[in-house]
Amino acid sequence: MSSPCDPEYAPAGDVGAALLLIDSRLTAVRDGRTQADPVQQKLVGQFAASLGPEGVDGVLDGVCTLIFMFMQWLRMAYEDHDEDVIAGVVPSLVATMRRMPKSVRPEVIPTMAGLVVAAGTGLSPSLWRRQYGDWSDEELTALEATAFLLAEHINRVTDDHAFATRMIADALSRSEEGLG
């Protein structure tokens with residue numbers, strides 16, 4: 001039975017821009033830069049302003065697409081070990097977010113957990129979230145943190161600090177080749 005949250009109905013969004021955003025965060029943390037960089041924040045703000053509302057929505061959909069792709073990869077990896085991806089990912093994601101109160105407000109953690117569960121069960125995170133109205137400002141930072149934490153989880157599982165980014169970049173390359 002088809003669901004209105006089926007990924008086939010979801011916009012992919014600007015996956016490239018979303019990947020650049022997440023990869024820059026991964027690189028910064030890997031390089032030991034965990035404090036907010038005011039210059040980088042200003043550049044990201046200017047970039048977002050230049051996109052306009054539709055462009056920002058495209059990046060949001062792109063981040064949701066990343067979350068979906070990360071969870072699909074993790075689901076296959078966990079299933080290869082006869083484990084459940086939801087049980088393996090969601091508790092640690094929630095625990096980590098709870099330790100990030102400056103970046104992730106406690107009231108948005110259940111939404112991010114639901115988003116990850118939706119993706120892990122094959123639903124589109126963006127369509128699942130859309131049924132609850134517009135994104136709140138607090139959710140935007142939490143959404144970025146969710147994608148970051150899932151990418152970092154994949155990188156730890158593979159023992160390769162760039163695996164998640166490379167996996168998505170490869171998928172984007174293959175999809176562009178198929179279109180050309």
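**Helix packing, aromatic pairs and buried positions**

The crossing of helices α1 and α6 is right-handed. The structure discussed here is a predicted model. Helix α1 covers residues 15–30 and helix α6 covers residues 137–158; the two pack at an angle of about 65 degrees, and their axes lie 10 Å apart. On the α1 side, the contact is made by Leu21, Ile22, Arg25, Leu26 and Val29. Helix α6 contributes Glu144, Ala147, Phe148, Ala151, Glu152 and Asn155. Sorted by character, the residues of this contact comprise seven nonpolar, one polar and three charged. Arg25, Glu144 and Glu152 belong to the charged group, because Asp, Glu, Lys and Arg are counted as charged. Asn155 supplies the polar member, since residues that are neither on the nonpolar list nor on the charged list count as polar.

A word on the overall architecture helps to place this helix pair. The chain contains seven helices and zero strands, and its pattern along the sequence reads α-α-α-α-α-α-α. Of the 180 residues in the chain, 38% are buried. Among contacts with a separation of 6 or more, 75% join residues that are 24 or more positions apart.

Helix α6 also carries Thr146. Is Thr146 buried or exposed? With a relative accessible area of 0%, Thr146 is buried, because the limit for that class is under 20%. Once neighbours within four places in sequence are set aside, the contacts of Thr146 are with Ile67, Leu93, Met97, Met112 and Val116. These partners can be assigned to helices from their numbers: Ile67 falls within α2 (residues 38–80), Leu93 and Met97 within α3 (85–98), and Met112 and Val116 within α4 (109–120). Each of the five is nonpolar, because Ile, Leu, Met and Val are on the nonpolar list.

Ile67 turns up again in the surroundings of Pro125, a residue of helix α5. Not counting residues up to four places away in sequence, Pro125 touches Cys64, Ile67, Phe68, Leu115 and Ala119. Pro125 counts as buried, because its relative accessibility is 2%. The C-alpha atoms of Pro125 and Cys5 are separated by 7.8 Å, with the two positions 120 residues apart along the chain.

Ser124 sits in the loop between α4 (109–120) and α5 (125–130). Ser124 counts as buried because its relative accessibility is 3%. Which residues does Ser124 contact, leaving aside its neighbours within four places in sequence? They are Cys5, Asp6, Pro7 and Ala10. A polar contact of 3.1 Å joins the side chain of Ser124 to the side chain of Ser126. Cys5 thus appears in the contacts of Ser124 as well as in the C-alpha separation given for Pro125.

Turning to the aromatic side chains, a pair of rings is described by the distance of the centres and the angle of the planes. The count comes to two aromatic pairs. For Trp73 and Phe163, the ring centres are 5.4 Å apart and the planes stand at 55 degrees, so the pair is tilted. This pair links distant parts of the chain, with Trp73 in helix α2 (residues 38–80) and Phe163 in helix α7 (residues 163–179), 90 residues apart. Trp73 counts as buried at 19% relative accessibility, whereas Phe163, at 23%, counts as partly exposed. The two values fall on opposite sides of the 20% limit for burial, which is why the labels differ.

The other pair, Trp128 with Tyr132, is edge-to-face, with 5.3 Å from centre to centre and 65 degrees between the planes. Trp128 is buried, with a relative accessible area of 16%, while Tyr132 is exposed at 53%.

Backbone geometry adds a last feature. Most residues other than glycine have a negative phi. Asp82, which is not a glycine, has a positive phi of about 55 degrees. Asp82 lies in the loop between α2 and α3 and is exposed, with a relative accessible area of 75%. Asp159 likewise has a positive phi, near 55 degrees. Asp159 is found in the loop between α6 and α7, and its relative accessible area of 73% makes it exposed.

How values were computed. Residues are numbered from 1 along each chain as its sequence is written. This is a predicted model: local features need pLDDT of at least 70, side-chain atom pairs count only at pLDDT 80 or more; totals for chains, interfaces and linings use all residues. Side-chain values use heavy atoms; hydrogens and water are left out. Axes are lines fitted to C-alpha atoms, for helices over the stretch in contact, and angles run from 0 to 180 degrees between N-to-C directions. Helices (H or I, at least four residues) and strands (E, at least two) are DSSP runs, numbered from the N terminus. A crossing is left-handed if the near helix is turned anticlockwise from the far one by less than a right angle, and right-handed if clockwise. Contact means heavy atoms within 4.5 Å. Buried means under 20% relative accessible area, exposed over 50%, partly exposed in between (1.4 Å probe, protein chains only). A polar contact is a pair of N or O atoms within 3.5 Å; within protein, one must be able to donate a hydrogen and the other to accept it, and residues adjacent in sequence count only if both atoms are side-chain atoms. Rings of Phe, Tyr and Trp (its six-membered ring) pair if their centres lie within 6.5 Å; planes under 30 degrees apart count as stacked, over 60 as edge-to-face and the rest as tilted.
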